[in-house]
Amino acid sequence: QVQLVESGGGLVQAGGSLRLSCAASVRTFSMFAAGWFRQAPGKEREFVAAISRSGGNTYYTDSVKGRFTISRDNAKNTVYLQMNSLKPEDTAVYYCAADRLEGTMSLTVVSTRRELYDYWGQGTQVTVSS
């Protein structure tokens, strides 16, 4: 069973930065596309950012473009989300997700839908004060 553990959440003021980490207990992390989702109280879990197996392709929801950066280090089995210029509306529980893929055709794939991901972390709280 694949385990994902997020860390790095916390309380910051608007305009501040946080770096989230997601550690994966897998043998070969490069077999997985990965992504970050977030869920605020009373709202659906929404897509934030995704990264392909090798890290060559990334994709972001419009509201975080230019502020957030997703990256990965397959040697460390870790995916990151660098969040800059944080806004109060970024407040949510942030979840890391992994999608196991195979084959050459999947090397550039980025997944944006919740149902496409096989594994999820427990979430880490990010609170941005105004």
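This is a guided tour of the structure above, stop by stop, with a note on what to select at each one.

The model is predicted, so local features are reported only at pLDDT of at least 70 and side-chain atom pairs only at pLDDT 80 or more, while totals for chains, interfaces and linings use all residues. Residues are numbered from 1 along each chain as its sequence is written, and side-chain values use heavy atoms, with hydrogens and water left out.

**Stop one: the open sheet**

Begin by selecting β1, β3, β8 and β7, where strands are DSSP runs of E with at least two residues, numbered from the N terminus. In that order, β1-β3-β8-β7, these four strands make an open sheet with antiparallel pairing, two strands being paired if DSSP finds at least two bridges between them. The edges are β1 (4–7) and β7, each of which pairs on one side only. The twist averages 15° from one strand to the next, with axes taken as lines fitted to C-alpha atoms and angles running from 0 to 180 degrees between N-to-C directions.

Now walk across the sheet. Four bridges hold the antiparallel pair β1 and β3, and here you can select Val5, which stands opposite Ala23 in β3. Moving on, β3 and β8 run antiparallel and are joined by six bridges; Arg19 has Gln82 in β8 as its bridge partner. The antiparallel pairing of β7 and β8 also runs over six bridges, among them the one that partners Asp73 with Thr78 in β8. While β8 is selected, note that five of its six residues are buried, where buried means under 20% relative accessible area, exposed means over 50% and partly exposed lies in between (1.4 Å probe, protein chains only).

**Stop two: two loop residues with positive phi**

Most residues other than glycine have a negative phi. Select Asn77, whose phi is near 55° and thus positive in a residue other than glycine. Asn77 lies in the loop between β7 and β8, a hairpin with four residues between the strands. With a relative accessible area of 15%, Asn77 is buried. Next select Ser85, in the loop between β8 and β9, where phi is again positive, near 50°. Ser85 is partly exposed, because its relative accessible area is 40%.

**Stop three: the disulfide**

Select Cys22 and Cys96, whose sulfur atoms lie 2.1 Å apart and form a disulfide, the term being used for cysteine sulfur atoms within 2.5 Å. The structure holds one such bond. The link spans distant parts of the chain, from Cys22 in strand β3 (residues 18–24) to Cys96 in strand β9, 74 residues apart. The torsion about the S-S bond is about -80°, so this disulfide is left-handed. Both ends are covered: Cys22 is buried at a relative accessible area of 0%, and Cys96 is buried at 1%.

**Stop four: the nonpolar cores**

A nonpolar core is a set of buried Ala, Val, Leu, Ile, Met, Phe, Trp, Tyr and Cys residues joined through side-chain atoms within 4.5 Å. Select Trp36, Val79, Leu81, Met83 and Tyr94, which touch the most other members of the largest core, a set of 30 residues. Strands that each supply at least two residues of this core include β5 (46–51), β8 (78–83) and β11 (124–129). There is also a second, separate core of five residues, including Phe37, Phe47, Ala50 and Tyr117.

**Stop five: aromatic rings and charges**

Keep Phe37 and Tyr117 selected. Seven aromatic pairs occur in the structure, a pair being rings of Phe, Tyr and Trp (its six-membered ring) with centres within 6.5 Å, counted as stacked with planes under 30 degrees apart, edge-to-face over 60 and tilted for the rest. Phe37 and Tyr117 form an edge-to-face pair, 5.3 Å centre to centre with 80° between the planes. This pair links Phe37 in strand β4 (residues 32–39) with Tyr117 in the loop between β9 (92–100) and β10 (119–120), 80 residues apart. Phe37 counts as buried at 0% relative accessibility, and Tyr117 counts as buried at 6%.

Extend the selection to Phe47, Tyr59 and Trp120, which ring pairs link with Phe37 and Tyr117 into a cluster. Finally, add two charged residues, where a charge sits over a ring if NZ of Lys or CZ of Arg is within 6 Å of the ring centre and within 35 degrees of the ring normal. Arg45 lies over the face of Trp120, 5.2 Å from the ring centre, and the charged end of Lys65 sits over the ring of Tyr59, 5.7 Å from its centre.
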